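Q: I have a new model open and would like to learn how to read it. Could you walk me through it, one feature at a time?

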Number of protein chains: 2
Amino acid sequence: MKEVAELAGVSRSAVSRTFTDGASVSARTREKVEKAAKALGYKPSLIARSLATNRTKLIGLVANNFQNPAFLDVFDLFTSELQKRGFRPLLVNLSGDTSPKKFVELLKQYSVDGVIVATSTLPTSFANAFQTAGIPVIHTFGKYQANANVHVVGIDNEFCGSMAARTFCERGYKKVALLGGPETATSTQDRAAGFVGTSGQLGLEVAKTCFAENYTYQSGRVAMGEVMEDRSVEAVFCGDDLICMGAMDAARAAGKNIPEDIGFLGFNDIAMAGWDAYALTTIRQPIRDIIMSSVELVVGMVENPARSPEIRLFPCSVVERGSLRPVSRS
Amino acid sequence: MKEVAELAGVSRSAVSRTFTDGASVSARTREKVEKAAKALGYKPSLIARSLATNRTKLIGLVANNFQNPAFLDVFDLFTSELQKRGFRPLLVNLSGDTSPKKFVELLKQYSVDGVIVATSTLPTSFANAFQTAGIPVIHTFGKYQANANVHVVGIDNEFCGSMAARTFCERGYKKVALLGGPETATSTQDRAAGFVGTSGQLGLEVAKTCFAENYTYQSGRVAMGEVMEDRSVEAVFCGDDLICMGAMDAARAAGKNIPEDIGFLGFNDIAMAGWDAYALTTIRQPIRDIIMSSVELVVGMVENPARSPEIRLFPCSVVERGSLRPVSRS
DNA sequence: CGCAAAATTGCAACCGGTTGCAAAAAAATT
DNA sequence: AATTTTTTTGCAACCGGTTGCAATTTTGCG
């Protein structure tokens with residue numbers, strides 16, 4: 001920097017200002033500096049800038065679900081959106097370790113400008129911990145709650161559960177099962193509540209309620225064993241497409257045809273749901289919108305940390321494929 | 001930091017040294033400092049340290065394949081291994097943009113300590129560009145070449161192609177097809193070379209050679225249309241599991257049974273390959289070893305950048321499932 | 001106990017930028 | 001043309017650590 005200043009015949013402040021937008025530099029000075037910088041191949045150091053401005057342009061993404069294909073979209077969008085805005089993505093892999101303390105410390109040391117906590121399997125308190133530590137945070141896929149003190153972007157899980165119940169009714173199912181994701185996840189609880197509640201209202205019998213241990217094909221497979229103990233269930237609402245595919249294969253292995261003998265309704269609409277071998281009818285969660293909105297929000301908070309907590313919920317829709325019987329024309 | 005020093009009754013150097021391992025501090029001083037630090041909730045700022053030491057502990061992962069489930073493992077391992085070693089993962093999403101210049105600049109500004117370029121679809125020159133810019137770089141999934149001036153970790157693609165040919169022969173196939181990944185990828189070229197070469201030696205006829213446009217189910221599906229123009233091919237060697245699954249579904253849609261009418265051999269062994277609906281026999285690439293080795297190597301280079309370029313190739317193996325007919329007992 | 005060697009400590013400079021403030025220069029006003 | 005207002009510029013302090021060097025303290029040994 002000093003060299004550039006000398007070559008351009010100006011002060012260090014001048015070169016700093018040329019590379020800081022919004023700073024006061026005359027056109028002539030800027031030109032001189034830019035020429036000198038090009039000649040010397042100079043680019044300001046982000047590290048030094050971070051130290052001086054107390055802003056790192058680093059946004060952390062904390063996730064604990066690195067094995068779910070749904071997260072491919074998350075990673076893709078998160079990184080590309082941040083890059084587009086001149087921020088940098090720092091990934092934090094929670095995988096198992098669930099104590100907030102440690103990670104708040106970690107991210108504080110990393111000096112990230114903000115954090116997106118992208119998981120529904122962690123309690124609200126996890127995201128809150130960042131908030132109280134003074135780190136702007138978005139709880140993506142988090143739980144909606146009226147008195148939220150943290151930004152939440154995601155979907156209305158309860159409503160989605162309700163939507164699942166209606167979907168079954170429209171197709172004339174009478175007796176169904178719920179095969180949720182991990183029981184401790186707020187998303188699971190909310191969907192279950194919506195599903196069971198609306199089923200009750202519509203006269204749909206929820207004969208079985210089971211939960212997969214985690215969001216994997218394998219867990220879905222084993223949990224389906226439990227569902228099938230009741231041989232009269234006509235359709236299953238699964239908490240995740242992966243789980244659902246495992247469940248479908250378990251059903252097929254037991255000799256059932258889909259959707260004639262048993263129907264399946266998934267959740268998320270991952271790429272594989274569209275594959276012929278599954279042709280899964282599923283509730284689509286608009287991950288794209290959710291992530292883009294989260295990024296926008298977190299970047300916004302960097303500018304204005306005092307922004308009051310918002311809840312952004314996106315609508316889901318069922319995408320019709322072949323794993324449920326068609327809507328009954330009544 | 002100053003506060004900690006004052007509270008502990010020592011100089012700033014002393015507190016710095018307590019938090020720098022390998023530095024010279026007496027037990028008594030360290031104790032005083034640690035107590036003071038705890039009292040004040042002090043943790044050294046990584047930013048400031050980076051500025052002073054010219055080391056950021058940031059490692060970049062540049063990837064252009066955010067939609068392939070195989071990369072879930074990559075992201076998972078990359079992040080967790082780095083975290084374990086006290087480094088931080090910075091993701092760079094290439095997606096389409098393939099000009100090295102821009103990204104070398106980007107990563108130089110980010111001041112990463114090292115870079116892992118994880119893709120086989122980029123020319124060797126891409127990784128080289130980092131090298132010449134003075135950034136330690138590993139080309140993961142890169143092309144092996146004797147006169148390499150860049151670290152490469154991956155597999156022997158040519159040998160794998162050869163292995164595929166032998167696999168077909170063992171099972172008595174006579175006439176097969178190659179359905180590769182993107183034709184410009186070095187991995188595709190090398191596998192094709194090995195496959196075609198060994199087929200020739202073994203008297204296996206490669207009746208068709210096609211390439212999918214990218215590593216997706218959909219591309220595999222459409223490319224399979226081309227393969228099926230020749231109705232006599234008995235088995236297909238695919239450049240990727242995703243492509244293979246698309247191809248399988250195209251074959252099924254055309255009324256073929258797997259493996260009776262047509263066999264499939266995939267590549268990578270992604271999680272879905274084990275799903276009942278595909279039960280894909282595939283060549284397993286040890287992604288876990290590859291990534292762990294890459295991380296180890298890049299971290300090693302941070303310590304000693306002059307380390308001379310290494311080639312680390314890991315063995316692949318075919319994992320037997322149900323998409324090929326069994327080995328013929330001759 | 002005295003002295004040399006080794007270990008510890010503090011000083012001060014440095015890493016590479018930013019920014020408040022006052023001085024200088026340019027532009028606008030009368 | 002003189003004066004006021006606005007814009008541009010440089011100075012110097014600061015961000016929060018590290019580290020070479022010399023001074024000081026501890027330790028080891030005869």
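Q: Let's start with the nucleic acid. How many nonpolar, polar and charged residues does the surface near DNA strand C have?

A: Keep in mind that this is a predicted model. The surface near DNA strand C has 11 nonpolar residues, 10 polar ones and 5 charged ones.

Q: Which residues are the closest to DNA strand C?

A: In total, 26 residues surround DNA strand C, and the closest are A:Met1, A:Ser16, A:Ala52, B:Ser26 and B:Thr29. Two or more residues each come from helix 2 (12-18) and helix 4 of chain A, and from helix 2 (12-18), helix 3 (27-40) and helix 4 (46-53) of chain B. Helix 4 of chain A gives the largest share of this surface, 5 residues.

Q: Now the two protein chains. How many residues of chain A are in contact with chain B?

A: A general idea to begin with: the size of an interface is often given as the accessible area lost when the parts come together. Here we can count residues instead: 40 residues of chain A are in contact with 39 residues of chain B. On the chain A side, helix 4 (46-53), helix 5 (70-84), strand 2 (88-93), helix 6 (100-110) and helix 11 (241-253) each supply at least two residues. Helix 5 of chain A has the largest share, with 7 residues. Sorted by class, the side of chain A that touches chain B has 21 nonpolar, 11 polar and 8 charged residues.

Q: What rotation superposes chain A on chain B?

A: In general, two copies of a chain are related by a rotation about an axis and a shift along it. In this model the rotation is 180°, with 0.1 Å of shift along its axis, and the RMSD is 0.1 Å. That is the relation of a two-fold axis. To find the axis on your screen, look for A:Leu90: of the residues of chain A, its C-alpha comes closest, at 2.5 Å. The copies meet through the same surface, because 98% of the interface residues of chain A are also interface residues in chain B.

Q: One last feature, helix packing. At what angle do the axes of helix 10 and helix 11 of chain B cross?

A: Two packed helices are described by the angle between their axes and the distance between the axes. For helix 10 (residues 217-227) and helix 11 (residues 241-253) of chain B, the axes come within 6 Å and cross at roughly 50°. These two helices of chain B are therefore oblique to each other, and their crossing is right-handed. The residues of this contact divide into 10 nonpolar, 5 polar and 2 charged.

Note on methods:
Residues are numbered from 1 along each chain as its sequence is written. Chains are lettered from A and ligands numbered from 1 in the order in which they are written. This is a predicted model: local features need pLDDT of at least 70, side-chain atom pairs count only at pLDDT 80 or more; totals for chains, interfaces and linings use all residues. Two residues are in contact if their C-beta atoms, placed from the backbone, lie within 7 Å. Helices (H or I, at least four residues) and strands (E, at least two) are DSSP runs, numbered from the N terminus. Ala, Val, Leu, Ile, Met, Phe, Trp, Tyr, Cys and Pro count as nonpolar, Asp, Glu, Lys and Arg as charged, and the others, Gly among them, as polar. A residue is near a molecule or strand if its C-beta atom, placed from the backbone, lies within 6 Å of it. Copies are superposed by least squares on the C-alpha atoms of residues with pLDDT of at least 70 in both. Axes are lines fitted to C-alpha atoms, for helices over the stretch in contact, and angles run from 0 to 180 degrees between N-to-C directions. Angles under 35 degrees count as roughly parallel, over 145 as roughly antiparallel, 65 to 115 as roughly perpendicular and the rest as oblique. A crossing is left-handed if the near helix is turned anticlockwise from the far one by less than a right angle, and right-handed if clockwise.
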